[in-house]
Amino acid sequence: MGELTKIPQEDAATPASFGAITPMGMISQAVANGASIETVERLIALHERWESGRARKAFDAAISAARAEIKPIVKGSTVDYVSKKTSDRTNYSYETLDAIAREVDPILAQHGLSYRFRSQQGDRGGLAVTCIVAHCDGYSEETTLSGPPDQSGNKNAYQAIGSAATYLQRYTLKLALGLSAAKDDDAQGAGRAAEDREPPRFDPRAAAGRIRRSLERAASLDDLGAVWMHETPVLKDIKAAEPGLYSELERSKDARKLTLTRAASDIGDDEIPY
């Protein structure tokens with residue numbers, strides 16, 4: 001019988017198999033082959049760069065997919081007041097932070113995305129808010145805006161800071177996600193001119209339910225004050241339509257304030273101006 005021919009095994013380190021080797025696999029192979037500490041350290045640095053690049057690609061893909069699903073945020077709330085100092089009237093529509101959250105949170109979660117805020121107050125009273133959007137693979141990006149306390153209306157110092165914080169949170173989140181906003185004008189699709197459309201009927205109970213949920217979601221005393229201040233025009237309408245419902249909202253606000261005050265034990269009730 002003829003001699004058996006020994007077929008040489010392809011070495012794991014041959015170029016033909018490099019395409020399937022990841023940086024972590026290279027580290028394991030280097031350690032098994034007795035590589036020096038310097039070589040292992042260089043491979044670890046390569047692995048970290050590779051993971052960072054992979055995480056960023058996953059983040060970009062997730063953001064792109066989420067934005068394709070997020071609809072324009074409706075500006076469903078209105079500020080309308082007359083300054084006691086100048087008699088000038090301020091009137092504008094805006095989208096609340098909780099309205100943005102209701103639209104974007106479920107979609108972001110589906111794509112492994114989340115966001116949080118970080119704030120810092122300057123020596124001169126200015127406030128900087130950073131929105132951090134992160135992906136479950138570990139990559140994140142930050143968007144920062146800063147501004148002075150909001151001194152419009154009749155706010156005291158606490159409310160001015162709270163209002164500025166909420167405003168900066170809304171806009172850093174919108175910038176970070178590339179969101180657009182739209183007026184609450186869905187009825188225009190019926191083809192009637194704006195002056196011919198009937199104004200929407202005010203539903204005090206629906207409005208109270210929305211405000212109550214916003215109060216319950218307030219994470220700090222500043223947030224609570226900002227919610228109450230922003231909803232002042234709606235609260236007046238609720239009080240005129242159903243005084244008892246307004247009283248219930250006041251009790252909900254006071255209960256939430258007590259809970260938050262106990263959490264921040266260094267602040268007494270008499271220091272909270274609203």
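These legends walk through several close-up views of a predicted model.

**Figure 1. The whole chain offers a first look at helices and strands.** In this predicted model, the secondary structure of the protein chain comes to eight helices and seven strands. The chain has 274 residues, and buried residues make up 31% of them. If we take the contacts between residues at least 6 apart in sequence, 55% join residues at least 24 apart. Keep that last value in mind, as several of the views below show residues that sit well separated in the sequence list.

**Figure 2. The largest nonpolar core gathers 18 residues.** Good places to begin are V104, L113, L177 and L179, the residues with the most contacts inside this core. Four elements each supply at least two of its residues: the helices α2 (37-69), α3 (97-110) and α4 (157-177), and the strand β5 (127-135). Of the contributors, α2 gives the most, with five residues. For background, nonpolar side chains in soluble globular proteins tend to be buried together.

**Figure 3. V104 has its own set of neighbours.** Which residues does V104 touch, leaving aside residues up to four places away in sequence? They are I70, I73, Y115, L177 and L179. Two of these, L177 and L179, also appear with V104 among the residues with the most contacts inside the largest core. Apart from that core lies another, made of 16 residues, and its members include A208, V227, V234 and L235.

**Figure 4. Three strands form an open sheet, with a helix lying across them.** Reading through the sheet, the order is β4-β5-β6, and the pairing is antiparallel. Strands β4 (113-121) and β6 (140-147) are the edges, each pairing on one side only. From one strand to the next, the twist averages 20 degrees. Between β5 and β6 there are eight bridges; to find one of the partners, look for V133, whose bridge partner in β6 is E141. Helix α4 lies across β4, β5 and β6, and it runs at about 35 degrees to β5. Strand β5 and helix α4 have already appeared in Figure 2, where each supplies at least two residues of the largest core.

**Figure 5. R217 and D98 meet in a salt bridge.** Side chains of opposite charge can pair when their charged atoms come close. Here the N to O distance is 3.4 Å. R217 belongs to helix α5 (residues 204-217) and D98 to helix α3, so this pair ties together parts that are 119 residues apart in sequence. Are the two partners buried or exposed? D98 has a relative accessible area of 13%, so it is buried, the cut-off being under 20%. R217, at 45% relative accessibility, counts as partly exposed. R102 joins the picture too, since D98, R102 and R217 are linked in a network of salt bridges.

**Figure 6. Two further salt bridges involve helix α5.** In one, E242 pairs with R205, and their closest N and O atoms are 3.2 Å apart. E242 lies in the loop between α7 (232-241) and α8 (243-263) while R205 lies in helix α5, a separation of 37 residues. E242 is partly exposed, with a relative accessible area of 25%, whereas R205 counts as exposed at 55% relative accessibility. In the other, E248 and R212 meet with an N to O distance of 3.7 Å. This pair links helix α8, home of E248, to helix α5, home of R212, across 36 residues of sequence. E248 has a relative accessible area of 36% and is partly exposed; R212 is also partly exposed, with 23%. Over the model, the count comes to nine salt bridges.

**Figure 7. F59 and Y139 form an edge-to-face aromatic pair.** How many aromatic pairs does a search of the whole structure find? There are four, and the one shown here has a centre to centre distance of 5.1 Å, with 65 degrees between the planes. F59 sits in helix α2 and Y139 in the loop between β5 and β6, so to locate both you need to look 80 residues apart in sequence. Both F59 and Y139 are buried.

Notes:
Residues numbered from 1 in each chain as written. Predicted model: local features only at pLDDT ≥ 70, side-chain atom pairs only at ≥ 80, totals over all residues. Heavy atoms only, no water. Core = buried A, V, L, I, M, F, W, Y, C linked by side-chain atoms within 4.5 Å. Buried < 20%, exposed > 50% of the residue type's maximum accessible area, 1.4 Å probe, protein only. Contact = heavy atoms within 4.5 Å. Pairing = 2+ DSSP bridges. Axes fitted to C-alpha atoms, helices over the stretch in contact; angles between N-to-C directions. Salt bridge = Lys/Arg side-chain N within 4 Å of Asp/Glu carboxyl O. Phe/Tyr/Trp six-rings, centres within 6.5 Å; stacked < 30°, edge-to-face > 60°.
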